[in-house]
Amino acid sequence: MEQYSYQQQVIVEPAKEKKPIGLQIAALVFGIVGLALSFISYFGTIFSNVGMAIAADQNGYTQGISVVSGISIAVNIVIALLCLVGLILGVVGLIRSIRRPTRTVPGIVMSALGLNLAGGGFALTVVGTIIGGVFRFLMATGAFH
């Protein structure tokens, strides 16, 4: 008689290493900060130009238009660059999260949110800059006086 011995194989899975999501978190942070700053800049541009038009109308003070224009354009450029960095990080983070063999859902969500927030901030910055330019053009031509 033959004896058979059955040995059970134990399969040990390697410990799951955490997937890095630093890029996706950075995209989310840049998106939040960019949208918040562009929102403030948008309304600041509108209210500063309206205030400048009122000051020019009542006091005849039109020399401050160039100072307000320079400051608002510089601030809008910095905010637009911040939002562009958020957009780039969001796209790269989203692609990296999706192309992994094991997709990282938190990375996809954070990248998508960062991408949307940064895109909205960039659009709001561009619209605010255009509206500010129209106000400055109307004040410079004398439509507001």
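Which side chain makes a polar contact with the side chain of Ser97? The partner is Gln24, at 2.6 Å. That pair is a good place to start a tour of this predicted model, but let us look at the whole chain before coming back to it.

## The overall picture

The protein holds 3 helices and 0 strands, and from the N terminus on its elements run α-α-α. Its radius of gyration is 27 Å, well over the 15 Å that the globule rule gives for 145 residues, so the protein is more spread out than a compact globule. The C-alpha trace tells you how that spread is laid out: along the principal axes it spans about 115 × 15 × 15 Å.

How much of the chain is buried? Buried residues account for 29% of the 145 residues. The accessible surface comes to about 9800 Å², and carbon and sulfur atoms own 70% of that area. As for charge, there are 8 positive and 4 negative side chains, with the centres of the two sets lying 9 Å apart.

The contacts are worth a glance too. Taking those between residues at least 6 apart in sequence, 79% join residues at least 24 apart.

## Around Ser97 and Gln24

Back to the opening pair. Ser97 sits in helix 2, while Gln24 belongs to helix 1, which covers residues 22-59. Ser97 has a relative accessible area of 0%, under the 20% cut-off, so Ser97 counts as buried. Gln24 is buried as well, at 1% relative accessibility.

Setting aside residues up to four places away in sequence, Ser97 touches Gln24, Arg103, Thr104, Gly107, Ile108 and Ser111. With the same neighbours left out, the list for Gln24 reads Gly93, Ser97, Gly107, Met110 and Ser111. Gly107 and Ser111 therefore turn up in the list for Ser97 and in the list for Gln24.

For a sense of scale along the chain, take Ser97 and Ile131: they are 34 residues apart in sequence, and their C-alpha atoms are separated by 37 Å.

## The loop at Thr104

Where does Thr104 lie? Its place is the loop between helix 2 (64-99) and helix 3 (105-141). Is this loop residue buried or exposed? Thr104 is buried, because its relative accessible area is 8% and the cut-off is 20%.

The side chain of Thr104 also has a polar partner: a contact of 3.4 Å joins it to the side chain of Arg100. Beyond its neighbours within four places in sequence, Thr104 is in contact with Lys19 and Ser97, and the latter residue leads us back to the opening pair.

## Pairs across the chain

Three further pairs help to show which parts of the chain face one another. Each row below gives the sequence separation and the C-alpha to C-alpha distance.

| Pair | Apart in sequence | C-alpha distance |
|---|---|---|
| Gly22 and Gly107 | 85 residues | 8.7 Å |
| Met52 and Phe135 | 83 residues | 9.6 Å |
| Met139 and Val50 | 89 residues | 9.8 Å |

Some of these residues can be placed more fully. Gly22 is in helix 1, and at 48% relative accessibility Gly22 counts as partly exposed. Its partner in the table, Gly107, is among the residues that Gln24 touches.

Met52 lies in helix 1 too, but Met52 is buried, with a relative accessible area of 10%. Met139 has its place in helix 3. What is the relative accessible area of Met139? The value is 7%, and Met139 is buried.

## Pulling it together

If you have the structure open, two views are handy. One is the pair of Gln24 and Ser97, with their 2.6 Å polar contact between side chains. The other is the whole C-alpha trace, spanning about 115 × 15 × 15 Å along its principal axes, in a protein with 3 helices and 0 strands.

Conventions: Residues are numbered from 1 along each chain as its sequence is written. This is a predicted model: local features need pLDDT of at least 70, side-chain atom pairs count only at pLDDT 80 or more; totals for chains, interfaces and linings use all residues. Side-chain values use heavy atoms; hydrogens and water are left out. Helices (H or I, at least four residues) and strands (E, at least two) are DSSP runs, numbered from the N terminus. Buried means under 20% relative accessible area, exposed over 50%, partly exposed in between (1.4 Å probe, protein chains only). A polar contact is a pair of N or O atoms within 3.5 Å; within protein, one must be able to donate a hydrogen and the other to accept it, and residues adjacent in sequence count only if both atoms are side-chain atoms. Contact means heavy atoms within 4.5 Å. The radius of gyration is taken over C-alpha atoms; the globule rule is 2.2 Å times the number of residues to the power 0.38. Accessible areas come from the Shrake-Rupley method with a 1.4 Å probe; for residues, only the protein chains shown count as cover. Lys and Arg count as positive and Asp and Glu as negative; His and the chain ends are not counted. The place of a charge is taken as NZ of Lys, CZ of Arg, CG of Asp or CD of Glu.
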